[in-house]
Protein chains: 2
Amino acid sequence: MNNKDSVGIVEPSSASFKDPLLLECGKELKGFELVYETYGKLNNENSNAVLICHALSGNHHAAGYHKDSEKRAGWWDSLIGPNKAIDTNKYFVVSPNNLGGCHGTTGPISINPDTNKIFGPNFPVLTVRDWTNSQAMLADHLNIKAWHAVIGGSLGGMQALDWSIAYPERIKKAGVIAAAPKLSAQNIAFNEVARQAITSDPDYQEGNYLLENTSPKSGLRLARMVGHITYLSDESMKSKFGRELKEEKLGFGFDAEFQVESYLRHQGDVFSDTFDANTYLLMTKVLDYFDPADEFNGDLMKAFEPILAQILVLSFSSDWRFSPSRSKEITDALIGVKKKVSHIEIESSLGHDSFLFPEERYVEVLKAFLGSPS
Amino acid sequence: MNNKDSVGIVEPSSASFKDPLLLECGKELKGFELVYETYGKLNNENSNAVLICHALSGNHHAAGYHKDSEKRAGWWDSLIGPNKAIDTNKYFVVSPNNLGGCHGTTGPISINPDTNKIFGPNFPVLTVRDWTNSQAMLADHLNIKAWHAVIGGSLGGMQALDWSIAYPERIKKAGVIAAAPKLSAQNIAFNEVARQAITSDPDYQEGNYLLENTSPKSGLRLARMVGHITYLSDESMKSKFGRELKEEKLGFGFDAEFQVESYLRHQGDVFSDTFDANTYLLMTKVLDYFDPADEFNGDLMKAFEPILAQILVLSFSSDWRFSPSRSKEITDALIGVKKKVSHIEIESSLGHDSFLFPEERYVEVLKAFLGSPS
């Protein structure tokens with residue numbers, strides 16, 4: 001723990017749901033566990049709750065530390081805490097690990113009650129709507145009738161948007177950050193390379209690697225490396241690494257010699273040690289499938305008709321994964337159906353990952369948007 | 001053969017060099033073979049020769065057909081031929097397979113005369129300058145004192161640029177198309193993912209797959225898939241595939257279901273059937289290492305001092321692999337040292353691959369630039 005402005009030591013909770021959850025794929029989960037963390041206090045009116053939605057590889061540990069010795073705080077600690085953008089002195093912040101995750105919530109590494117074996121590759125393919133529905137059950141469990149706000153970046157922003165469509169009465173504000181109304185063919189293509197890297201690893205064992213006591217680490221490592229490139233901007237990579245060599249001279253061999261090579265290998269190694277491959281596959285599919293306009297013949301305005309929430313769409317200038325023009329698609333459709341929306345583009349050189357960093361204007365915009373709980 | 005404007009049936013030639021070639025890595029090739037094709041006729045003054053330099057996965061088969069039954073013409077057939085941009089009625093076009101290649105020229109799949117075994121992973125790591133030097137030996141072999149032009153796209157453009165630096169007296173015009181003065185950290189990062197995909201394939205066998213009777217097809221396939229994404233623009237992928245599904249409904253599984261997924265898998269399959277993995281690794285390293293300014297403390301103008309050739313720098317609006325701004329770096333440095341340069345940006349939605357397609361303005365610009373042999 002190395003951060004005085006943090007929420008401090010936090011402990012995850014778990015909610016157990018016995019009722020079956022009908023999924024969009026047509027299958028049913030007989031019951032499930034959601035692991036989550038909370039920061040700050042729920043007020044007497046239960047009106048100050050803010051739901052945090054995580055992205056592809058995130059989890060419930062968004063702020064604070066699990067123990068004193070933990071070196072890195074939760075993934076959004078720079079924005080969640082006392083007096084921070086998402087101010088835990090004002091809000092009761094709820095951060096779940098999504099269904100299908102690998103950090104405690106029911107997912108591919110959980111036991112399938114039908115077979116008493118690990119789900120593995122048989123865990124159903126999910127959608128953002130499935131997550132929204134399960135998060136609504138968590139809201140019930142916590143006696144939260146309506147969220148003051150639902151906020152997330154990237155895939156998290158898609159959840160915030162979906163909340164405003166699926167449960168218009170239960171969400172006052174939606175913070176849709178660094179997101180898109182659906183993936184582009186290029187986005188899907190990058191996800192497909194990641195999936196192929198995992199499933200073509202011989203240790204993937206058709207998804208049954210845990211039963212077979214293997215681990216498709218090599219494939220997961222590649223998947224993360226390619227993903228990581230899309231999270232950074234060309235500019236941020238340039239300022240971070242340029243063409244700096246590890247040694248003074250070219251090696252004329254295939255060891256990592258440019259610093260960006262070592263960095264990527266390291267990122268891949270760390271990730272593949274801690275993340276479940278089937279969960280990763282699942283999360284990429286959730287991304288690919290997100291397309292609220294699909295059931296309206298591609299008409300995003302129709303999809304947005306039910307929305308009552310006030311919506312903040314935030315994009316970052318150097319984000320090429322979900323570029324500002326993708327945010328503009330969301331904004332334009334919301335304007336088209338006269339919804340309460342503002343779109344702010346933040347100047348940042350950090351690419352898609354910008355949403356993780358507390359750039360001053362970004363923080364101010366979030367603070368102003370969240371305002372005070374009624 | 002399905003193209004009447006083609007150079008028709010062509011037959012590759014081979015030049016055998018007995019003299020040793022000292023490489024930039026410090027090693028020596030005792031001798032080597034260069035496979036090449038020629039189109040058109042060398043004039044009496046030997047002044048109409050045009051050298052074509054291929055890119056990462058290209059080879060000497062740039063135009064025409066090897067036999068009547070061949071379905072696809074050479075890789076630049078749309079630009080090389082009678083009355084085409086590179087007009088074989090006017091020029092004697094020479095198109096070699098680069099050293100380190102896998103289509104007949106000495107490379108990793110050749111026999112190492114020192115060991116009488118396949119070079120495999122022991123083939124020396126090359127640089128663009130090594131290629132330029134070997135191509136100069138080919139020019140000698142063909143009695144070509146000076147090229148009317150050296151032209152290439154992508155890595156081929158880097159060779160054209162290097163020719164103008166290394167042999168200023170032997171090149172009248174250089175066509176530097178869709179290139180960059182050096183790779184960015186992001187470019188290197190994509191290459192690194194490709195290399196890791198290949199070398200982490202268990203069938204790679206530390207590069208000795210041919211001896212071990214295996215083939216790192218799975219890694220090479222992934223490498224090609226990720227490369228392919230960078231050759232296309234987001235826009236061209238959108239118009240080619242959008243989010244079209246192969247079947248009418250989402251499959252909620254991991255079979256290829258978006259058309260872009262099948263396309264990428266197919267591209268990867270075809271490529272991994274026909275290309276050598278060690279050659280691919282080598283080619284990515286040649287790209288990473290290209291940096292003519294390096295020996296001048298990063299001063300590109302200094303590197304360009306020796307140039308005498310007239311240079312055409314061509315970029316394409318939707319190319320994000322080597323964006324127009326990278327071409328501008330080349331142009332600005334050439335202007336800085338008062339060289340004969342023009343820079344044209346072609347509007348095209350086809351991304352980096354634009355250089356392969358005969359867009360009208362592109363063709364006209366090339367024709368005007370090449371002019372008439374003196």
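# A tour of the two-chain model

Start with chain A, which has 10 helices and 14 strands. With 374 residues, chain A has a radius of gyration of 20 Å, close to the 21 Å of the globule rule, so it is as compact as a globular protein of that length. The model is a predicted one. Turn chain A about: its C-alpha trace spans about 65 × 50 × 50 Å along the principal axes.

**Stop 1: the sheet of chain A.** Select the strands in the order β1-β4-β8-β5-β11-β12-β13-β14 of chain A; these 8 form an open sheet with mixed pairing. At the edges are β1 (13–17) and β14 (341–346) of chain A, each of which pairs on one side only. From one strand to the next, the twist averages 20 degrees.

Now narrow the selection to residues 32–39 and 92–96 of chain A. These are β4 and β8, paired in the antiparallel sense over 4 bridges. Which residue stands opposite A:Val93 in β8(A)? Label A:Tyr39 to see the partner.

**Stop 2: helices on the sheet of chain A.** Show residues 155–166 of chain A, helix α2. This helix lies across β5 (49–53), β11 (147–153), β12 (171–177) and β13 (310–316) of chain A, and it runs at about 150 degrees to β12(A). Next add residues 360–370, helix α10 of chain A, which packs on the sheet and touches β11, β12, β13 and β14 of chain A. The direction of α10 makes about 165 degrees with that of β12(A).

**Stop 3: the sheet of chain B.** Move to chain B and select β5 (residues 49–53) and β8 (residues 92–96). The two strands run parallel and are joined by 3 bridges. Within this region, B:Ala49 stands opposite B:Phe92 in β8(B).

Helix α1 (residues 128–141) of chain B is the next selection. It lies across β1, β4 (32–39), β5, β8 and β11 (147–153) of chain B, at about 60 degrees to β4(B). Then show helix α9 (residues 324–336) of chain B, which packs on the sheet and touches β12 (171–177), β13 (310–316) and β14 of chain B. Its direction makes about 165 degrees with that of β14(B).

**Stop 4: both chains together.** Display chains A and B at once. A rotation of 180 degrees, with 0.0 Å of shift along its axis, superposes chain A on chain B with an RMSD of 0.0 Å. The two copies are therefore related as by a two-fold rotation axis. The same surface serves both copies, since 100% of the contact residues of chain A recur in chain B.

Colour the contact residues: 40 of chain A are in contact with 40 of chain B. On the chain A side, the elements giving two or more residues are α3 (185–199), α4 (217–231), α5 (234–240), α6 (259–274) and α7 (277–289). Which of these gives the most? That is α3(A), with 11 residues. By class, this side of chain A has 23 nonpolar, 8 polar and 9 charged residues.

**Stop 5: one helix pair across the interface.** Keep α4(A) and helix α3 (residues 185–199) of chain B. Their axes come within 10 Å and cross at roughly 170 degrees. As angles over 145 degrees count as roughly antiparallel, α4(A) is roughly antiparallel to α3(B).

Show side chains for A:Leu222, A:Met225, A:Val226 and A:Ile229 in α4(A); they meet B:Gln186, B:Ala189, B:Phe190, B:Val193, B:Gln196 and B:Ala197 in α3(B). The residues of this contact divide into 8 nonpolar, 2 polar and no charged.

Methods
Residues are numbered from 1 along each chain as its sequence is written. Chains are lettered from A and ligands numbered from 1 in the order in which they are written. This is a predicted model: local features need pLDDT of at least 70, side-chain atom pairs count only at pLDDT 80 or more; totals for chains, interfaces and linings use all residues. Two residues are in contact if their C-beta atoms, placed from the backbone, lie within 7 Å. Ala, Val, Leu, Ile, Met, Phe, Trp, Tyr, Cys and Pro count as nonpolar, Asp, Glu, Lys and Arg as charged, and the others, Gly among them, as polar. Copies are superposed by least squares on the C-alpha atoms of residues with pLDDT of at least 70 in both. Axes are lines fitted to C-alpha atoms, for helices over the stretch in contact, and angles run from 0 to 180 degrees between N-to-C directions. Angles under 35 degrees count as roughly parallel, over 145 as roughly antiparallel, 65 to 115 as roughly perpendicular and the rest as oblique. Two strands pair if DSSP finds at least two bridges between them. The radius of gyration is taken over C-alpha atoms; the globule rule is 2.2 Å times the number of residues to the power 0.38.
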